[in-house]
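Q: I am new to this structure and would like a close look at a single part of it. Could you take the open sheet as the starting point and walk me through what surrounds it and which side-chain contacts can be found?

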Amino acid sequence: MYKNLILLGSTGSIGTQSLDVVRKYNINVVGLSAHKNIKLFEEQIKEFKPEYICITDMETANNFESRAKELGVTLFKGSNGTEQLSRLDGYDNVVVLNAIVGIAGLKATLSAIDSGKDVALANKESLVTGGKLVMQAVKEKGVKLLPVDSEHSAIFQCLQDKNSVPSLKKILLTASGGPFFEYSTEQLSKVTKEQALKHPNWSMGSKITIDSATLMNKGLELIEAVWLFDVQPKDIQIVVHRQSIIHSMVEFADNSVIAQLGSPDMRIPIQYSLTYPQRMESNAAELDFFTVKDFTFAPADDDTFLCLKAAKEAISKGGLYPCAVNGANERAVELFLNDKISFLDIGKAVYSVLDKFDFAEEYTIDDVFETDKKAREYVDSIFNI
């Protein structure tokens, strides 16, 4: 079990649930980062007493500078601040839990790995946008990359028997289907922001909740799984499981299937990433099989949900195509949340970016961010923004 924690994105949904685990096991918090939710962030600083903090929004950081001195913490500021926080040395048995949302988390992931730290990864975009760079760094530095997403944690747990890994045949990546399961394109054309922000099973931040409604989140998870488990896209099947009890499954050469089950509570995979390889008591609800009445399964409709279709095609093309669809999606979701475009416009924009640019197979970190910029600018051009 890790003794020291650097938590990036502490005021978000994953961040606050991570701190629930920290409270239970008295893990020492070395550093915390937030964007601009300063009220909650100051409460966290007072409770967990980190030595270092980062505020990525520059205006908020500058306004908090004198308060940070009063609280006795060292403040890093801006987007580079999370990289500085991730590189902190002088601590043993430390893990960086990256719960930042979006491509903004990529450089912090690479900084943590480069400094020789294990990473508990909730920032799926690190692998979606720069998977080759991240996995090369993990191999070179010999660190652990521990999945925090419930689905990837489930797969990781199902593959603990190293003797079985060579016989892995298929990954069955489960999806709740979001709030619009079995909706037609016509029905989706009438979807409101308020409807899209109501997930049937999980409590998450607004961006991830919209991604779940468009099925983009599942597309991103598919790309992430390709990198984490070194498989081909064709070896991953997305299965809609409405109850969110089976968090994912793996099938082996003999056609046997192993599944990981649990209540839909993110504290379970978060805790496992921090206590690995040990299993400890959890505050999450125990799964009661006598109250679980049905397990249902269905295919994911990527003809209707274009974001999922775009993600599948992007990872099959390889290179920077996943980065492009991620950038297009981040911008489109932002526009949707600001009432600038419709729900269906998100998928149309994300899918169309695949044909607008020729993205290289080999790339650098600078190429990643240039591709992201191009994709966002392209989305703006579609909607004359």
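A: Here is a walk that begins at the sheet and then moves on to charged and aromatic side chains. Please keep in mind that the model is predicted.

Let us start with the strands. The open sheet has seven of them, in the order β4-β3-β2-β1-β5-β6-β7, and their pairing is parallel. At the edges you will find β4, residues 74-77, and β7, each of which pairs on one side only. If direction is ignored, neighbouring strands of this sheet are turned against each other by 20 degrees on average.

Now look at the end of the sheet where β7 sits. Strands β6 and β7 run parallel and are joined by three bridges. To find your place there, look for A120, which stands opposite L146 in β7. Helix α6 packs on the sheet and touches β5, β6 and β7, while its direction makes about 145 degrees with that of β7.

The β6 strand also leads us to a charged pair. The side chains of K144 and D118 form a salt bridge, with 4.0 Å from N to O. D118 belongs to strand β6 (residues 118-121) and K144 to the loop between α6 (125-141) and β7 (145-147), so this pair ties together parts that are 26 residues apart in sequence. The two partners differ in their surroundings: K144 counts as partly exposed, at 42% relative accessibility, whereas D118 counts as buried, at 14%.

Another salt bridge involves the loop that leads up to β5. Here R87 pairs with D114, and their closest N and O atoms are 2.9 Å apart. Because R87 lies in the loop between α4 (81-86) and β5 (94-98) and D114 in helix α5 (residues 106-114), the pair ties together parts that are 27 residues apart in sequence. R87 counts as partly exposed, at 41% relative accessibility, and D114 counts as partly exposed too, at 40%.

Further along the chain, K312 forms a salt bridge with D302, again with closest N and O atoms 2.9 Å apart. K312 is in helix α13 (residues 306-317), and D302 is in the loop between β12 (298-299) and α13, 10 residues apart. In this pair K312 counts as partly exposed, at 28% relative accessibility, while D302 is buried, with a relative accessible area of 17%.

Salt bridges can also join up into a network, as they do for E42, K46, R67 and E70. The count for the model comes to 27 salt bridges.

Let us finish with the rings. The structure holds eight aromatic pairs. Take Y272 and Y276: their ring centres are 5.7 Å apart and their planes stand at 80 degrees, which is over 60, so the pair is edge-to-face. Both Y272 and Y276 are buried. Y272 has a charged companion as well, since the charged end of R279 sits over the ring of Y272, 4.5 Å from its centre. A further case of a charge over a ring is K107, which lies over the face of F369 at 4.8 Å from the ring centre. Lastly, F180, Y183, F336 and F343 form one aromatic cluster.

Conventions: Residues are numbered from 1 along each chain as its sequence is written. This is a predicted model: local features need pLDDT of at least 70, side-chain atom pairs count only at pLDDT 80 or more; totals for chains, interfaces and linings use all residues. Side-chain values use heavy atoms; hydrogens and water are left out. Helices (H or I, at least four residues) and strands (E, at least two) are DSSP runs, numbered from the N terminus. Buried means under 20% relative accessible area, exposed over 50%, partly exposed in between (1.4 Å probe, protein chains only). Two strands pair if DSSP finds at least two bridges between them. Axes are lines fitted to C-alpha atoms, for helices over the stretch in contact, and angles run from 0 to 180 degrees between N-to-C directions. Contact means heavy atoms within 4.5 Å. Rings of Phe, Tyr and Trp (its six-membered ring) pair if their centres lie within 6.5 Å; planes under 30 degrees apart count as stacked, over 60 as edge-to-face and the rest as tilted. A charge sits over a ring if NZ of Lys or CZ of Arg is within 6 Å of the ring centre and within 35 degrees of the ring normal.
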